[in-house]
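Open the model in your viewer with a cartoon for the backbone and sticks ready for selected side chains. The stops below follow one another by selection.

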Amino acid sequence: MRLKRFLLRYYPPGIILEYEQGGQTKTKSVDLLDLKPETDVDAVLDEISRKEPLITPSRMDQVRTLINKLQLKLSAADDHAFYLFKVLRAHILPLTNVAFNKSGSIDKIATGSFDKTCKLWSSETGKCYHTFRGHTAEIVCTAFNPQSTIVATGSMDTTAKIWDVQTGQEISTLMGHSAEIISLSFNTKGDQVITGSFDHTVTCWDVRSGSRIHTLIGHRGEISSAQFNWDCSLIATGSMDNTCKIWDARTGQCIGTLRGHEDEVLDVAFDYTGQLLATASADSTGRVYNAVTHQCLVKLEGHEGEISKVCFNPQGNKILTASADKSARLWDPQSGKCQQILAGHSDEIFSCAFNYEGNTIITGSKDNTCRIWR
């Protein structure tokens, strides 16, 4: 194996190693999820040199420079306020879900709709690249793989479909649930996708073969949300049974149940370290839990209607929520204080997302528009 070059990954912090093996170019990542501006760089370098044989002593000065760049990015002040940039009038029938692509290249947006289609858009120009057709009922969830090469859609027709972003063609159909699929999420490698269903289960699928890996069974109500953490060791699920469960992604075993919400848990989201887990509920509150101890750290209170969506920004220092009260809100995950209210939609907001850099937000509403905020 021969190391060719380093690539810097800001979110989450890490260094990508591009290397040659058997005439093929491959990549692997050195994750630095616990890196802080005050972290001792020498200690990090020592650990990398012990664990990563590709990085020789002659390359360590380069690695030090990259870590310093990451620390500089982490220490940058984040007092950005968001303002409306563009309104997309997307589908003939109401929208159900919006998703940003995951890579740092041109921002693309996927929208799902009651019209049974998913559309792929440019967030810059509003141009529609593709319309994905094939589901026989409403599309209620969409997700890009981390490489942004495929989009997955989940539908009320009980199936999920995988689509090629470049060509717009259907790659495969995932069949096996006995009720509607209303949540899906890829793991970091992009080789697995999980689907959450009204049949009370979550299924983990192999993306390449379309085969079922295992099924998570334990909730007593419909599944509303399912997410992997960054290192793919954990899966979090939210349910209409008012709880959130944490599962071992490798074995499919439940390792904890998070209680406290007084109504259905409608969404869950990990921060990039996998240390924090945010939940959104029909009781109009959000909560932030320690994903390891399962302790509730703060409550997010202020919305006047159910919160249907929650997500962390890539930096992990803001939480975004979307609510039936027609507003989206930004929160400090440490204090639970509301930092900004995004108002302007004329109906319920059911979906929201950050782009890769965390400097653009998209909100999707029952008013049949997407709003892009910068």
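Select Pro-12 first, in the loop between E1 and E2. The model is predicted, and in it the peptide bond joining Tyr-11 and Pro-12 is cis, with omega at about -15°.

**The three-stranded sheet**

Extend the selection to the strands on either side of that loop and to E3. E1, E2 and E3 form an open sheet of three strands in the order E1-E2-E3, paired antiparallel. Strand E1 (2–9) and strand E3 (24–31) are the edge strands; each has a single partner strand, so one side of each is left without a neighbour in the sheet. From one strand to the next, the twist averages 25°. Strand E2 covers residues 14–21, and eight bridges join E2 to E3, the two running antiparallel. To check the register, pick Gly-14 and look across to E3, where Asp-31 stands opposite.

**Helix H2**

Now select residues 60–75. This is helix H2, which lies across E1 and E2 and runs at about 10° to E1. A distance check on the helix is simple: at 1.5 Å a residue, its 16 residues should span 22 Å, and the end C-alpha atoms of H2 are 22 Å apart, which agrees.

Which residues of H2 are buried? Show side chains for Met-60, Val-63, Leu-66, Ile-67, Leu-70 and Gln-71. Seen down the axis of H2, these buried residues fall within an arc of 140°, so they line one face of the helix. An α-helix has 3.6 residues a turn, so residues three or four places apart point the same way. The cover over the buried residues of H2 includes E1, E2 and helix H1 (41–51). Turn to the other side of H2 to find Asp-61 and Leu-72, which are exposed.

**From Leu-66 to Gln-169**

Keep Leu-66 selected and add Gln-169. The two are 103 residues apart in sequence, and their C-alpha atoms are 39 Å apart in space. Gln-169 sits in the loop between strand E11 (160–164) and strand E12 (170–174). Is Gln-169 buried or exposed? Its relative accessible area is 51%, and the cut-off for exposed is over 50%, so Gln-169 counts as exposed. Leaving aside residues up to four places away in sequence, Gln-169 touches Ile-162, Trp-163 and Asp-164.

**The annotated repeats**

Colour the chain by the UniProt record next. An unreviewed entry there places the feature "repeat: WD" at residues 88–131, 132–173, 174–215, 216–257, 258–299, 300–341 and 342–374. Two of these spans can be set side by side. Residues 174–215 are 0% helix and 55% strand, with end C-alpha atoms 13 Å apart. For residues 300–341, the composition is 0% helix and 50% strand, and the end C-alpha atoms lie 13 Å apart.

**The four-stranded sheet**

Select E13, E14, E15 and E16. These make an open sheet of four strands in the order E13-E14-E15-E16, with antiparallel pairing. At the edges stand strand E13 (181–186) and strand E16 (212–217), each with a single partner strand, so one side of each is left without a neighbour in the sheet. The twist here averages 20° from one strand to the next. Five bridges pair E13 with E14 in the antiparallel sense; one place to look is Ile-181, whose bridge partner in E14 is Ser-197.

Within the same region, pick His-200, in the loop between strand E14 (192–197) and strand E15 (201–206). The phi of His-200 is near 80°, a positive value in a residue other than glycine. With a relative accessibility of 29%, His-200 counts as partly exposed.

**Asn-242 and the E19–E20 hairpin**

Move on to Asn-242, in the loop between strand E18 (234–239) and strand E19 (244–248). What is the phi of Asn-242? The value is near 75°, positive in a residue other than glycine. At 26% relative accessibility, Asn-242 counts as partly exposed.

Finish by following E19 into strand E20 (residues 254–258); four bridges join the two, which run antiparallel. Cys-244 has Leu-258 as its bridge partner in E20. The hairpin of E19 and E20 has five residues between the strands, and in this hairpin Gly-252 takes a positive phi near 80°.

Key:
Residues numbered from 1 in each chain as written. Predicted model: local features only at pLDDT ≥ 70, side-chain atom pairs only at ≥ 80, totals over all residues. Heavy atoms only, no water. Pairing = 2+ DSSP bridges. Axes fitted to C-alpha atoms, helices over the stretch in contact; angles between N-to-C directions. Contact = heavy atoms within 4.5 Å. UniProt positions renumbered as here; feature names shortened; annotations may be inferred. Expected span 1.5 Å × (residues − 1). Buried < 20%, exposed > 50% of the residue type's maximum accessible area, 1.4 Å probe, protein only. Arc of directions from axis to C-beta.
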